[in-house]
Amino acid sequence: MPVVQTESEHNPPVNRSYFARISPDDGGCLLEKYSEKYHGFGCALLANLFASEGQPGKVIEVKAKRRTGQLNFVTCMRQALENHYENKPVGMGGTFLVQKGKVKAHIMPAEFSSCPLDSDEQVNKWLHFYEMKAPLVCLPVFVSRDPGLDLRLEHTHFFSHHGEGGHYHCDITPDTVEYIGYFSPAQLLYRIDQPKETHSFGRD
Ligand SMILES: [Zn+2]
């Protein structure tokens, strides 16, 4: 869960990132602060990052409670943007809090799969899935539609102050779930190291 302030003229670099791993003892979640073990910032496989100058200004506040459909919170916002802006891709980033309820999450095993994973089924077998409970601080990045760059359209990782963290899939408590979030639209989209060969699984 990358949360980084890069070095600038007036500010030192600050790494407030977390990472989650699977406990070798009981298979549970171990959430740790990145900066306790690592001073640099590495990226393995993929990351969806939202960069901001951190200036004060207007943001978009979204509050939601009770889920009446099948889609998760981020997909609802993403599809609302797509319905409104149609062919024009709109990217957003920010933070939302799962205030009440539980979510379905995954954590990747520390060891990469020894054989290639070529279906959603195989990816899901390799990942470890959990139920995690509010309050959860989520860091979403989403784009309303893909302008032909082979993007993952939404990606949300979260941390908490009760030792849980991971990749957000959806809430599993539609009647009691509550969300509040603050978002900012992006001005530029950078696609770094687009793979030459692609596939469509493992994108939720
Ligand atoms: Zn993820």
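The exercises below work through a metal site, salt bridges, a core and a surface patch in one predicted model.

Residues are numbered from 1 along each chain as its sequence is written. In this predicted model local features need pLDDT of at least 70 and side-chain atom pairs count only at pLDDT 80 or more, while totals for chains, interfaces and linings use all residues; side-chain values use heavy atoms, with hydrogens and water left out.

**Exercise 1. The zinc site**

Task: identify which atoms coordinate the zinc ion, and place the donors in the chain.

Solution.
- Step 1. Donors are N, O and S atoms within 2.8 Å of the metal (3.2 Å for Na, K and Ca); water is not among the atoms, so sites may look incomplete.
- Step 2. His-155 (NE2), His-157 (NE2) and His-167 (ND1) coordinate the zinc ion at 2.0 to 2.1 Å.
- Step 3. Along the chain, the donors have the spacing H-x1-H-x9-H. His-155 is in strand 10 (residues 154–159) and His-167 in strand 11, so this pair ties together parts 12 residues apart in sequence. Helices (H or I, at least four residues) and strands (E, at least two) are DSSP runs, numbered from the N terminus.
- Step 4. Buried means under 20% relative accessible area, exposed over 50%, and partly exposed in between (1.4 Å probe, protein chains only). His-155 counts as buried because its relative accessibility is 9%, and His-167 counts as buried because its value is 4%.

**Exercise 2. Salt bridges of helix 2**

Task: find which salt bridges link Arg-78 and Glu-82 to other parts of the chain, and state whether the partners are buried or partly exposed.

Solution.
- Step 1. A salt bridge is a side-chain nitrogen of Lys or Arg within 4 Å of a carboxyl oxygen of Asp or Glu. The count by this rule is 5.
- Step 2. Arg-78 pairs with Glu-154 at 2.6 Å, N to O. Glu-154 is in strand 10 and Arg-78 in helix 2, 76 residues apart. Both ends are buried: Glu-154 at 12% relative accessibility and Arg-78 at 11%.
- Step 3. Glu-82 pairs with Arg-145, their closest N and O atoms being 3.1 Å apart. Arg-145 is in the loop between strand 9 and strand 10, 63 residues from Glu-82 in helix 2. Arg-145 is partly exposed at 27%, and Glu-82 is partly exposed at 24%.
- Step 4. Contact means heavy atoms within 4.5 Å. Leaving aside neighbours within four places in sequence, Glu-82 is in contact with Ser-144 and Arg-145.

**Exercise 3. Core and surface**

Task: determine which residues touch the most other members of the largest nonpolar core, and which form a nonpolar patch on the surface.

Solution.
- Step 1. A nonpolar core is a set of buried Ala, Val, Leu, Ile, Met, Phe, Trp, Tyr and Cys residues joined through side-chain atoms within 4.5 Å.
- Step 2. The largest such core has 31 residues, of which Phe-96, Val-98, Met-132, Phe-158 and Tyr-168 touch the most other members. Strand 9 (residues 136–143) gives the most to this core, with 5 residues.
- Step 3. Patches are made of residues with over 30% relative accessible area and no salt bridge: like charges are joined within 9 Å, nonpolar side chains (Val, Leu, Ile, Met, Phe, Trp, Tyr) within 5 Å. Accessible areas come from the Shrake-Rupley method with a 1.4 Å probe; for residues, only the protein chains shown count as cover.
- Step 4. Leu-45, Leu-46, Met-108 and Phe-112 form a nonpolar surface patch, together having about 400 Å² of accessible area. Leu-46 is in the loop between helix 1 (34–37) and strand 5 (60–65), and is partly exposed at 45%.
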